[in-house]
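Please work through the exercises below with the sequence and the coordinates open beside you. Each one sets a task and then solves it step by step.

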Amino acid sequence: MHRRLIVPSALAASLLLAIPASAADYVPGAPGIGDSYYPASGNGGYDVSHYDLRLKYQPATDLLEGTATILATTTQNLSRFNLDLGLRASEVRVDGRLAKATATGAHELEIVPAVPLPKGKQITVVVRYAGKPSEFKVDGWSAWHRTPDGGVAAQEPDSAAWWFPSNDHPRDKATFDVSVSVPDGTQAVSNGVLQSQSSRLGWTRFNWRSNKPQATYLATLAVGKFDITTDRTANGLPVLNAYSKDLGDNAGAARASIERTAEVAEWLEGVFGPYPFNALGGYVPNVTSGYALETQTRPFYSPRQFANGANVSVVVHELAHQWYGDSVSVHDWKDIWVNEGFARYSQWLWSEKEGEGTAQELADYVYATRTAEDPFWTVKPGDPGPDNQFHIAVYDRGALALQALRNEIGDEDFFAVLKGWPQRFAHGNARVADFVRYAEEVSGKPLAALFDTWLYQPAKPAAGPSPVGASLARAAAAEPVQPKSWKKIAATNTIHEHEDHEHEDH
């Protein structure tokens with residue numbers, strides 16, 4: 001009797017394994033990845049490992065034609081899934097078979113594969129698409145810059161949808177191969193290492209590779225006529241900087257700043273640990289914007305950053321992001337402090353190194369010059385809200401929090417935290433709460449109250465981030481002393497202005 005019960009059970013189990021799940025077991029992937037600020041950003045149901053982008057761009061007409069091959073793994077039984085794309089898709093294939101694709105919403109591409117996709121399946125999605133990026137706008141806003149000799153994709157929190165289909169959220173990072181064909185005499189600049197270039201029939205193709213996980217908004221494309229400089233660091237990393245040929249009076253200051261990239265990165269390695277990527281550099285296209293952006297391995301700088309002369313401080317800020325923001329990326333956009341507070345504090349540390357004002361003096365100056373009634377203190381860097389995501393308080397009050405931490409746990413533990421954090425979460429994602437726990441782990445001190453005061457309370461803290469004696473001495477001064485580096489640092493406050501983009505959910 002016992003044996004008779006076993007055999008049918010085993011047979012039933014084998015039959016269950018052989019019978020595919022019913023159609024009811026397959027459901028659509030979510031149209032958003034679940035971000036608290038931007039619910040429609042990204043998509044659910046799959047995880048991308050690699051983007052292979054083969055593009056052709058015509059500067060004269062702004063026409064971009066592309067074939068994107070996306071390697072991904074399903075994270076659920078999928079009946080359909082979305083990609084983020086603003087240009088028109090003409091054909092989509094999933095695992096070689098034609099799929100139904102429908103454009104919906106502001107930039108959603110709904111894809112129904114020929115057969116449902118089981119959880120854990122490695123899939124290949126090929127999208128053929130074309131369009132003029134400058135004609136695609138979301139709520140009147142664009143991440144694409146037209147220039148006199150080409151175009152540039154660089155924005156935050158979104159830019160990918162203007163030039164390639166993706167799962168457009170930092171939580172889904174991937175490696176990239178970007179191959180771009182442009183008319184002879186024009187260059188195409190992207191992330192990582194230039195693997196090769198070749199010319200044929202009036203067109204030149206540039207092949208770029210970014211071999212470490214990269215968030216989609218950190219992928220960049222710049223097409224135009226550039227003066228390009230190349231070098232190698234002492235450790236052998238390739239350095240490539242590109243300057244538009246028509247920067248006018250800003251050309252010299254831009255070069256005088258960005259040509260110090262390798263020097264700055266070497267110094268930052270002493271603060272944050274080994275540089276996390278395979279290339280260094282920066283680029284300055286002829287755009288009218290005023291911001292800069294930490295596009296991975298090759299930050300984007302607007303010419304206006306150098307209108308008052310060289311400013312190495314902005315280079316420090318964007319390169320610091322390679323550790324804080326690029327290698328360790330936000331899990332949710334509300335965690336923006338783990339990007340911006342640290343990049344701003346790196347500028348304070350550079351000032352300290354250059355003898356132009358210590359981080360403590362800069363912290364005291366910020367604290368003293370912002371009255372308790374200043375709306376600055378109502379912004380919570382630990383969760384500023386989508387409308388205040390790039391508010392100056394996220395930067396300056398965010399850096400104040402780090403100075404308060406430094407004074408609380410001492411330099412030895414503080415700098416151990418700054419170095420250890422990018423190693424603990426390398427090439428991944430993290431939350432503000434993760435940093436609080438990590439700082440407590442390293443220092444052995446309870447720090448929740450300190451971070452609550454500086455990151456979450458909508459009021460000016462009763463005492464500044466100074467040791468008590470120094471704080472009282474500075475408070476007694478009639479006029480706070482402005483550190484020598486202050487104007488240089490303040491000149492970079494536009495680095496993440498987003499051209500009146502209101503950051504609507506999209």
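The exercises that follow concern a predicted model, and they go from annotated spans to helices and then to single residues.

**Exercise 1. Two annotated spans**

Task: Describe the secondary structure and the end-to-end C-alpha separation of residues 49-218 and of residues 310-454.

Solution. Begin with the record: an unreviewed UniProt entry places the annotation "domain: Aminopeptidase N-like N-terminal" on residues 49-218. In the model this span is 56% strand and 0% helix, and its end C-alpha atoms lie 15 Å apart. Next, the annotation "domain: Peptidase M1 membrane alanine aminopeptidase", also from an unreviewed UniProt entry, covers residues 310-454. Here the chain is 64% helix and 4% strand, with 32 Å between the end C-alpha atoms.

**Exercise 2. The buried face of H2**

Task: Determine how the buried residues of helix H2 are arranged around its axis, and identify elements that cover them.

Solution. The first step is to list the buried positions of H2 (residues 251-258), which are Ala-253, Ala-254, Ser-257 and Ile-258. Viewed down the axis of H2, these buried residues fall within an arc of 115 degrees, so they line one face of the helix. The spacing can be read against a general rule: an α-helix has 3.6 residues a turn, so residues three or four places apart point the same way. The last step is to look at the cover, which includes strands E17 (238-244), E18 (280-284) and E20 (300-301) together with helices H3 (261-272) and H4 (312-323).

**Exercise 3. The enclosure of H6**

Task: Establish how many of the eleven residues of helix H6 are buried, and what follows for the helix.

Solution. Taking a relative accessible area under 20% as the cut-off for buried, one finds Ala-359, Gln-360, Leu-362, Ala-363, Asp-364, Tyr-365, Val-366 and Tyr-367 buried in H6. Eight of the eleven residues of H6 (residues 359-369) are therefore buried, so the helix is largely enclosed by the rest of the structure.

**Exercise 4. The packing of H8 and H9**

Task: Characterise the geometry of the H8 and H9 pair and the make-up of its contact.

Solution. Two packed helices are described by the angle between their axes and the distance between the axes. For H8 (residues 432-443) and H9 (residues 448-456), the axes come within 10 Å and cross at roughly 145 degrees, and the crossing is right-handed. Turning to the residues, Val-432, Phe-435, Val-436, Ala-439 and Glu-440 of H8 meet Ala-448, Phe-451, Leu-455 and Tyr-456 of H9. The residues of this contact divide into eight nonpolar, no polar and one charged. In the loop between H8 and H9 sits Gly-444, which at 63% relative accessibility counts as exposed. The C-alpha atom of Gly-444 is separated by 18 Å from that of Ala-401, 43 residues away along the chain.

**Exercise 5. Backbone exceptions**

Task: Locate the cis peptide bond at Pro-157 and the positive phi values of Thr-297 and His-427, and state the accessibility of Thr-297 and of His-427.

Solution. The background is that most residues other than glycine have a negative phi, and most peptide bonds are trans. The cis bond joins Glu-156 and Pro-157, with omega about 10 degrees, and Pro-157 belongs to the loop between strands E10 (150-153) and E11 (174-183). Thr-297, although not a glycine, has a positive phi of about 75 degrees; its place is in the loop between E19 (292-293) and E20, and at 1% relative accessibility Thr-297 counts as buried. His-427 has a phi near 60 degrees and lies in the loop between helix H7 (392-424) and strand E22 (428-430), where His-427 is partly exposed with a relative accessible area of 24%.

**Exercise 6. Sequence separation and spatial separation**

Task: For Asn-429 and for Ala-30, set the separation along the chain beside the C-alpha distance, and then list the contacts.

Solution. Asn-429 is part of strand E22 and is partly exposed, at 22% relative accessible area. Its C-alpha atom is 5.3 Å from that of Val-328, although 101 residues separate the two along the chain. Leaving aside neighbours within four places in sequence, Asn-429 is in contact with Pro-170, Arg-171, Lys-173, Ser-329, Val-330 and His-331. Ala-30, in the loop between helix H1 (2-18) and strand E1 (46-58), counts as partly exposed at 34% relative accessibility. Ala-30 and Asp-172 are 142 residues apart in sequence and 14 Å apart from C-alpha to C-alpha. Not counting residues up to four places away in sequence, Ala-30 touches Asn-43 and Gly-44.

Terms used:
Residues numbered from 1 in each chain as written. Predicted model: local features only at pLDDT ≥ 70, side-chain atom pairs only at ≥ 80, totals over all residues. Heavy atoms only, no water. UniProt positions renumbered as here; feature names shortened; annotations may be inferred. Helix = DSSP H or I, 4+ residues; strand = E, 2+ residues; numbered from the N terminus. Buried < 20%, exposed > 50% of the residue type's maximum accessible area, 1.4 Å probe, protein only. Arc of directions from axis to C-beta. Contact = heavy atoms within 4.5 Å. Axes fitted to C-alpha atoms, helices over the stretch in contact; angles between N-to-C directions. Left-handed = near helix turned anticlockwise from the far one by under 90°. Nonpolar A, V, L, I, M, F, W, Y, C, P; charged D, E, K, R; others polar.
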